[in-house]
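Please look through the model below before reading my comments, which are set out as numbered points for a colleague at the bench.

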Amino acid sequence: MHDHPTHTGPGALALVVLLVAVLGVALYIGAAVRLRRRGDAWPWWRDASVAAGAGAVAAAAVLPLPGGPFTAHMTGHLLVGMVGPLLIVLGRPVTLLLRTVPVGGARAGLLTVLHSRPAALLTAPAVAAVLDMGGLWVLYRTPLFAAMHDDTLVATVVHLHVFAAGMLFTVAICRLDPLRRRYGLPHLAVVLLVAGAVHAVLAKTLYAQSPPGTMFAASDLQAGAQLMYYGGDAVGVALAVVLAVRWYGGMGRARARAVTVGRARPAV
């Protein structure tokens with residue numbers, strides 16, 4: 001059985017995460033500045049959103065997180081797998097890259113990857129939800145959670161998966177960057193609702209029982225499970241707001257096009 005300690009200070013992996021986060025933000029802001037200098041519009045709040053998202057992921061790796069061992073772990077889970085990805089995706093990094101890469105082979109290659117069948121499959125909302133939520137059930141309801149605290153390589157792979165799966169799910173639901181296939185609001189809303197329910201059920205099971213092979217104080221376990229439950233709900237609401245804003249904006253553009261076509265149509 002394991003009663004895991006809290007944060008023990010930044011190690012090599014944490015420093016790598018910090019370096020990658022700083023480099024990623026610097027590259028993003030540099031590209032945004034170049035875009036603005038040539039006269040193209042790019043909202044400043046997107047820069048801040050990406051910086052905050054990368055900062056959330058780096059903070060989870062480097063800083064001592066509050067609470068007991070399990071509560072601190074769950075805070076990191078929310079930052080790395082949910083909050084960070086949402087803030088990064090809101091900055092539309094792929095769209096920025098496409099707008100700053102010169103027209104030619106590199107841009108065409110990137111579009112080819114984005115519109116490929118594998119990319120379309122991975123960004124299908126249901127597939128992304130299974131990879132994200134299914135991975136969390138495997139982590140917390142098998143001995144994998146205990147194993148990651150005994151093996152650095154396993155821990156590294158798990159954290160990379162949590163971040164990558166969180167990014168994939170957020171991209172698949174928000175669909176702010178150009179992707180191959182479009183999904184209607186009802187489809188996206190249903191997938192988001194089901195994924196949120198699966199996440200909430202997992203949090204409730206953790207409230208009652210520690211992950212296999214571990215033993216945490218009841219107060220710590222319950223606080224961590226509550227953080228997972230309510231934190232997941234909060235991020236789910238934020239994703240729903242993004243969907244609503246996209247739908248409202250799409251309806252407005254459709255009405256504007258209809259008015260333009262009606263005015264251009266010659267009178268009979």
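The points below concern a predicted model, and they take up charged pairs, a surface patch and one helix in turn.

1. I would begin with Arg36, which has its place in helix 1, the element covering residues 12-37. Arg36 counts as buried, because its relative accessibility is 18% and the cut-off for burial is under 20%. Once its neighbours within four places in sequence are left aside, Arg36 is in contact with Trp42, Pro43, Trp44 and Asp47.

2. Of these contacts, the one with Asp47 deserves its own comment, since the side chains of Arg36 and Asp47 are joined by a polar contact of 2.8 Å. The pair also forms a salt bridge, in which the closest N and O atoms are 2.8 Å apart. Asp47 belongs to helix 2 (residues 44-62) whereas Arg36 belongs to helix 1, so the pair ties together parts that are eleven residues apart in sequence. Asp47 is buried as well, with a relative accessible area of 5%. As general background, side chains of opposite charge can pair when their charged atoms come close.

3. How many salt bridges does the model contain? The count comes to two, and besides the pair already described there is a salt bridge between Arg38 and Asp40, whose closest N and O atoms are 2.6 Å apart. Here the surroundings should be described with care: Arg38 counts as partly exposed at 49% relative accessibility, and Asp40 is likewise partly exposed, with a relative accessible area of 27%.

4. Turning to the surface, Leu15, Leu18 and Val22 form a nonpolar patch that together has about 260 Å² of accessible area. Val22, which lies in helix 1, is exposed, because its relative accessible area of 52% falls on the far side of the cut-off of over 50%. In general, an α-helix has 3.6 residues a turn, so residues three or four places apart point the same way.

5. My last point is helix 10, which spans residues 185-208 and has 24 residues. From its first C-alpha to its last, helix 10 reaches 35 Å, which is close to the 34 Å expected at 1.5 Å a residue. Which residues of helix 10 are buried? They are Leu188, Val191, Leu192, Ala195, His199, Ala200, Leu202, Ala203 and Leu206, and a reader with the model open may wish to locate His199 among them.

How values were computed
Residues are numbered from 1 along each chain as its sequence is written. This is a predicted model: local features need pLDDT of at least 70, side-chain atom pairs count only at pLDDT 80 or more; totals for chains, interfaces and linings use all residues. Side-chain values use heavy atoms; hydrogens and water are left out. Helices (H or I, at least four residues) and strands (E, at least two) are DSSP runs, numbered from the N terminus. Buried means under 20% relative accessible area, exposed over 50%, partly exposed in between (1.4 Å probe, protein chains only). Contact means heavy atoms within 4.5 Å. A polar contact is a pair of N or O atoms within 3.5 Å; within protein, one must be able to donate a hydrogen and the other to accept it, and residues adjacent in sequence count only if both atoms are side-chain atoms. Patches are made of residues with over 30% relative accessible area and no salt bridge: like charges are joined within 9 Å, nonpolar side chains (Val, Leu, Ile, Met, Phe, Trp, Tyr) within 5 Å. Accessible areas come from the Shrake-Rupley method with a 1.4 Å probe; for residues, only the protein chains shown count as cover. A salt bridge is a side-chain nitrogen of Lys or Arg within 4 Å of a carboxyl oxygen of Asp or Glu. The expected span of a helix is 1.5 Å times one less than its number of residues.
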